[in-house]
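Hi,

Here's the structure I said I'd pass along. Have a look at it first, and my notes follow underneath.

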Amino acid sequence: LIACIGVRLGVAADRPEDLTGDRLDLPGAVLSLATIGLACFSLTSGVEHGWLSPVTLASILGAVAGGVIGHQVPTSIAFHDGMFYVGTLGLFPIQPGSAVVYRVSLDGKIIGAIGGFTTITGLAFDNKARLYVLELSAAPGFPQPGAGKLVRVSSTGAIEDFVTGLVVPTGLTYGPDGALYVSNFGAAPPGLGQILRVAIRD
């Protein structure tokens with residue numbers, strides 16, 4: 001009730017010229033509510049039943065699935081040479097090659113894309129303008145330990161493995177020392193996380 005009153009008093013009414021007349025996306029609304037509900041339930045279930053209990057894990061997987069089915073979920077961003085590069089998670093269950101890196105102009109227009117990636121969780125450029133892409137898990141289906149990897153896009157556009165054997169990595173940055181830094185075990189239980197330094201030798 002308080003939220004409704006706050007919205008009524010604090011949010012400006014839509015202007016007629018801004019209304020599109022589009023119909024409500026009912027399946028999308030239901031899916032969004034189910035996803036949020038499962039995500040909230042998984043938090044309480046983790047405390048009550050344990051984070052590795054079947055109920056908690058099923059809730060987490062359901063929330064993740066609901067969040068990404070049929071959507072190119074943006075997960076990472078990098079800025080290089082006047083362009084934004086936006087990485088997506090791709091489809092779930094994981095379909096190798098379904099993730100994309102979009103090139104976006106400063107005024108918000110998508111002007112190009114690089115496909116062929118899987119579950120992107122990080123982007124970075126080195127001092128030679130080469131793009132590195134971190135992948136949570138490159139195996140089909142559900143995320144698998146050891147299936148994460150770091151790939152590099154060559155000057156010809158080919159995607160090359162740079163580091164393999166990573167375990168659900170979730171973050172990537174290029175350091176001032178000329179090395180890459182990767183958050184390994186980023187989607188793992190507390191205490192397992194690692195920060196890996198990856199030297200670039202060529």
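Let me start with Phe125: its relative accessibility is 13%, so it counts as buried, the cut-off being under 20%. Keep in mind that this is a predicted model.

Aromatic pairs

I get three aromatic pairs in total. In one of them, Phe125 meets Tyr85 edge-to-face, with 4.9 Å centre to centre and 65 degrees between the planes. Tyr85 sits in strand β2 (residues 83-88) and Phe125 in strand β5 (residues 120-125), so this contact ties together parts that are 40 residues apart in sequence. Tyr85 is also buried, because its relative accessibility is 10%.

Another edge-to-face pair joins Tyr132 and Phe162, at 5.3 Å centre to centre and 75 degrees between the planes. Here Tyr132 belongs to strand β6 (residues 131-135) and Phe162 to strand β8 (residues 159-166), so parts 30 residues apart in sequence are tied together. Tyr132 has a relative accessible area of 0%, so it is buried, whereas Phe162 comes out as partly exposed at 25%.

Nonpolar patch

What makes up the nonpolar patch on the surface? Leu43, Val47, Trp51, Leu52, Leu57 and Ile60 do, covering about 610 Å². Helices α2 (26-49) and α3 (54-68) each put in at least two of the patch residues. Leu52 is in the loop between α2 and α3, and it counts as exposed because its relative accessibility is 64%, against a cut-off of over 50%.

Shout if you'd like to go through any of this together.

Cheers

Conventions:
Residues numbered from 1 in each chain as written. Predicted model: local features only at pLDDT ≥ 70, side-chain atom pairs only at ≥ 80, totals over all residues. Heavy atoms only, no water. Patch = residues over 30% accessible without salt bridge, like charges linked within 9 Å, V, L, I, M, F, W, Y side chains within 5 Å. Areas by Shrake-Rupley, 256 points an atom, 1.4 Å probe, with all protein chains shown as cover. Salt bridge = Lys/Arg side-chain N within 4 Å of Asp/Glu carboxyl O. Helix = DSSP H or I, 4+ residues; strand = E, 2+ residues; numbered from the N terminus. Buried < 20%, exposed > 50% of the residue type's maximum accessible area, 1.4 Å probe, protein only. Phe/Tyr/Trp six-rings, centres within 6.5 Å; stacked < 30°, edge-to-face > 60°.
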